[in-house]
Amino acid sequence: PHFSAYFSGAPVVYPPIGALADSIGGLTAARILSLVFMLGATTLLWGAANRLYGHRAAFFAAALFAIAGPTLHLGAFATYDGLSVFLMALAFWCVVRPSGEGDGTGWMVTAAVAMAVANAATYSSLLFDPIVILTVLLTAFPKPGGKIAARRAAILVIIVAVLLLAGVLFGGSSYLDGFDRTTLGRVPGGASPFTVLTNAWSWTGI
């Protein structure tokens with residue numbers, strides 16, 4: 001079947017990895033794989049927060065993330081979301097690493113590859129791309145300054161765009177159909193804004 005036409009992520013990214021885990025230890029191993037991804041994301045969060053704000057902030061950031069409802073769910077479900085969160089966390093960690101006057105090309109390239117694969121693994125992760133890009137700009141002020149910030153952001157955006165475009169061209173129109181059907185063309189929910197906010201608070205209130 002043309003899985004790409006109705007999967008909400010590229011079927012060539014997570015499904016083979018999940019299937020490999022399943023072949024080793026069944027559903028339990030596939031769930032453990034998601035747990036490993038979420039533990040990795042927590043570790044990367046600690047590393048990024050530590051670099052930006054110090055040990056105390058890193059501790060509380062990692063602790064709050066680790067006990068949040070969505071984190072606990074994604075660490076227990078055998079789905080592609082854990083891989084995508086881990087890769088987005090890796091991209092974020094990479095963009096806060098550069099220092100000094102250099103443009104951090106190596107870090108930006110690594111972050112771009114991680115972001116592109118995360119977007120391919122779960123299309124909805126595109127929502128987090130602007131946060132990573134904005135972080136690239138904000139972490140370059142006041143030093144090394146605007147030109148370096150713009151260069152880093154340009155490297156990141158261009159590489160992500162090229163990789164995603166190459167993936168679409170290689171995968172064919174079914175990938176565009178799958179993206180449109182599962183991400184852009186979803187049937188609107190009937191919940192009120194108040195219900196959405198209430199649910200969000202119950203999941204992340206702490």
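**Note on helix packing around H4 and H7**

1. H1 and H4 are roughly parallel to each other. That follows because their packing angle is about 30°, and angles under 35 degrees count as roughly parallel. The axes of this pair are 7 Å apart. Keep in mind throughout that this is a predicted model.

2. Now the details of that pair. H1 covers residues 14-53. H1 passes H4 in a left-handed crossing. On the H1 side, the contact includes Tyr14, Ile17, Phe37, Met38 and Leu44. On the H4 side, it includes Leu83, Val85, Phe86, Phe92 and Trp93. Glycines take part too, among them Gly40 and Gly47 of H1 and Gly82 of H4. By class, the residues of this contact are 15 nonpolar, three polar and no charged.

3. H4 also packs with H5. How do these two helices run relative to each other? They are roughly antiparallel. The reasoning is short: their axes cross at roughly 160°, and angles over 145 degrees count as roughly antiparallel. The axes come within 8 Å. Here, too, the crossing is left-handed.

4. Which residues meet between H4 and H5? From H4 they include Leu83, Leu87, Met88, Ala91 and Cys94. From H5 they include Trp107, Met108, Ala111, Ala114 and Val117. The contact has 16 nonpolar, three polar and no charged residues.

5. Look at Leu87 as a single example. Leu87 lies in helix H4. Is Leu87 buried or exposed? Its relative accessibility is 10%. Buried means under 20%, so Leu87 counts as buried. Leaving aside residues up to four places away in sequence, Leu87 touches Ala114, Val117 and Ala118. Val117 is 30 residues from Leu87 in sequence. In space, the C-alpha atoms of Leu87 and Val117 are 7.3 Å apart.

6. Turn to H7, residues 146-171. Its length makes a good check. At 1.5 Å a residue, its 26 residues should span 38 Å. The C-alpha atoms at its ends are 37 Å apart, which agrees.

7. Part of H7 is buried. The buried residues are Ile148, Ala149, Arg152, Ala153, Ile155, Leu156 and Val160. What covers them? The cover includes helix H4 (81-95), helix H5 (105-121) and helix H6 (129-138).

8. Last, see what comes just after H7. There, Gly172 takes a positive phi of about 95°.

How values were computed:
Residues numbered from 1 in each chain as written. Predicted model: local features only at pLDDT ≥ 70, side-chain atom pairs only at ≥ 80, totals over all residues. Heavy atoms only, no water. Helix = DSSP H or I, 4+ residues; strand = E, 2+ residues; numbered from the N terminus. Expected span 1.5 Å × (residues − 1). Buried < 20%, exposed > 50% of the residue type's maximum accessible area, 1.4 Å probe, protein only. Contact = heavy atoms within 4.5 Å. Axes fitted to C-alpha atoms, helices over the stretch in contact; angles between N-to-C directions. Parallel < 35°, antiparallel > 145°, perpendicular 65-115°, else oblique. Left-handed = near helix turned anticlockwise from the far one by under 90°. Nonpolar A, V, L, I, M, F, W, Y, C, P; charged D, E, K, R; others polar.
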